[in-house]
Amino acid sequence: MLSAHRVLRAQLRSGSALRRFSTASAFDSFPDFSIVDSTLREGEQFATAEFTPQDRVYVAKILDRMGVDYIEMVNPMAGKQAIEDCETVAKLGLKSKIVCHTRCHISDVKAAVNTGIQGVNMYMATSPILAKHSHGKGIDVVIENATEVVKYVQSHGLEVRFSCEDSFRSDMSDCLKVYKAMDALGVDRVGVADTVGIATPSQVREVISKVREAIRPETGIEFHTHNDTGCCIANALVALEAGATHIDTCVLGIGERNGITPLGGFLGRMYTMDKERLMKKYDLGLLRHLEKYVSQRAHVVIPFNNYITGSCAFTHKAGVHSKAVMQNPAAYEVLDPSDFGVERRIELAHRLTGWNAMKQRTQDERTIGLEELDKILMSLCSKKQPKTAFISWGSDKTLEHKAEHYRQETQSAIEALDAPEEELGPNMTLMFEGHLFDKAILNRLLDLAVDSPCSFKVIKLDVPNDNEEESKAIIKIMGTLTDIELLRQKYEKLLATLDDIAHTRMIEITEDENTTPKESEEATKLGHGL
C-alpha cells in the first residue's frame, strides 16, 4: 500500500490533488480529534507566567466552556500548591477531562491519582542525549518500569497515556518497541513528543504513520510539538493527517522556551477544513477573552500578527483589498472574524486606503458624493497622525486612542464640507489635466502634497473609468510662500519625468465665489503643457 505522502505526490502529478485542495482540505473527511490543552502545565513553564490558584480555576472554566476535551495540570510532586490546584480543578465538575502530567515514577503517579484527576499523562526519555542525562536506563528497563506504573494507573480506573520524550531524536526502532509494549498493556493512547521542535512536517508524517501501523486502531496517538523552529501548527495538522488523534495546545502557544502549538492558531487551521463541525464542537467566540486574560497573567502582550486575535489579523489597508473585502470579505479573508468574536478593521488616513474604504466608513453619517469623499480622504491624509503607532505591542487603550482620533477627524472633515471657506493665508490652486492612468499618477501627485509641510484640499477630482479619457484634479495648497513654491517645483519635476507616458498639464488657476475654476491672466505664463 502506498504511504500517504506517496499517494499525494502521485495525485499532484496526475492533477487530481488540485480538486482536493480546492476544498481547502487534505483529508478525505474531517478528522475526529481531541484537544489536550496544557496551559496549566506547559504554560506554567513559560518564562514570565505566574498563575495564581484563582487564575488556574478561571482558565480551566473558560477552557471547559470552549469545549476543550482535556485540561492538563502540573505534576503534583511539584509541591503543596500543585496538589491543591489539581484537587480544586478536579472537583469543579467540568466536562473537560482533567489529567496530570507526571514522570514515569510510581511516586509521581500515586500523588496524581490521589488528587482525584481522571487520567495520567506520563513520559520517559528515550533519546540517547536525554536518557543519558535523565535516567540513564536502556529501552528494556524503560519498558519494565513503565509496565509497573501503567498497571497502577489502570488499577484505579483512570485513563493513561505513555509518551516517549524527545521522540524525534530517538531511535525509531526503540520508540516502536516501547509503543508496542504499552499498547499491549492497553494504554488509552501513546504520546509522540517533538520536545525540542526539531521535526519537519515530512518527518512528522513518517513517524506518526509508523506508530499508527504499529499499534491497535483503537489506541490513540497524542502529538506534542514545540515551536523552536516555527513548524508547530503545520506539524500538528500533518500529525492528524497521518493518524494522530490528540493534539497538545496552549493558549497563545506559551510554554517552555518558544512554547508549543497555540490553541487559537490550531483552531484557525482546522476552521478552514470544516468550520461548521469545528464551531459545533468548540465555542470559538471565547478565544479572544481567554487570550487577553492569559496574556495579562503571563505578563506578555498579544503580538500584532497573532492568529485571529492580533491587532492586524483582520486589518485591511490597500485600496484594492479594502474594496474587495467590503463587497465580499471572503475575497481576502479565509477566517470570518465574527465567528471568533473579533472585528474587521479598515485602515483610514493613508495613501493606500482608497475611496471605497472612505465611502464605507462615511455612508452612515450622511449622503456623500464621490468628490466629497475625496475631500474627506485628503483632509485626513493632510493632518498629522497620532503619535501612537497603529501597529502596537501595547494595550487595547492604544488602539482605542487612535480609533477615537480617526473618528473625530473624520467627523470634522464631514462637517467641514458644509462650512464656509476661510482665508488661510498664502495659497495656490493648481489644476492637473491629462492622462492620469487610473489614479496611479494622481496618487503620486497627492503623495507629494501629503509629504510636504503644506496643507491642502482637493477642490475637484474627475477620474473616468476609461483610462484613455483625460482626468482632472484641482488641488488647493496652503502654507508659506516658500513651501508652496517648493511643492509646485516638485510637481513640475514629476510631470517632466512622466512626459513620455502621460501628457499632463499643470495650470495655476483662481476660484470665483462658486468655486468654479477659472484661468488667471498669467495662466499662459504659468501653464505647463507637459
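**Helix H8 and its neighbours**

Q: What share of the 530 residues in the chain is buried?
A: This is a predicted model, where local features need pLDDT of at least 70, side-chain atom pairs count only at pLDDT 80 or more, and totals for chains, interfaces and linings use all residues. Residues are numbered from 1 along each chain as its sequence is written, and side-chain values use heavy atoms, leaving out hydrogens and water. Take buried as under 20% relative accessible area (1.4 Å probe, protein chains only). On that basis, the buried share of the chain's 530 residues is 48%.

Q: Where do the buried residues of H8 sit around the axis?
A: Helices here are DSSP runs of H or I, at least four residues, and strands are E runs of at least two, numbered from the N terminus. In H8, the buried ones are Met-172, Cys-175, Leu-176, Val-178, Tyr-179, Met-182 and Asp-183. They span an arc of only 160° (from the directions between helix axis and C-beta atoms), so they're on the same side of H8.

Q: Which helices and strands do the buried residues of H8 pack against?
A: Contact means heavy atoms within 4.5 Å. The partners of that buried set are helix H7 (139-155), strand E5 (159-165), strand E6 (189-194) and helix H9 (201-214).

Q: Which residues of H9 make the contact with H8?
A: The H8 and H9 axes, lines fitted to C-alpha atoms over the stretch in contact, come within 10 Å of each other. On the H8 side, the contact uses Met-172, Leu-176, Tyr-179 and Lys-180. From H9 come Val-207, Lys-210, Val-211 and Ala-214.

Key. Buried means under 20% relative accessible area, exposed over 50%, partly exposed in between (1.4 Å probe, protein chains only). Axes are lines fitted to C-alpha atoms, for helices over the stretch in contact, and angles run from 0 to 180 degrees between N-to-C directions.
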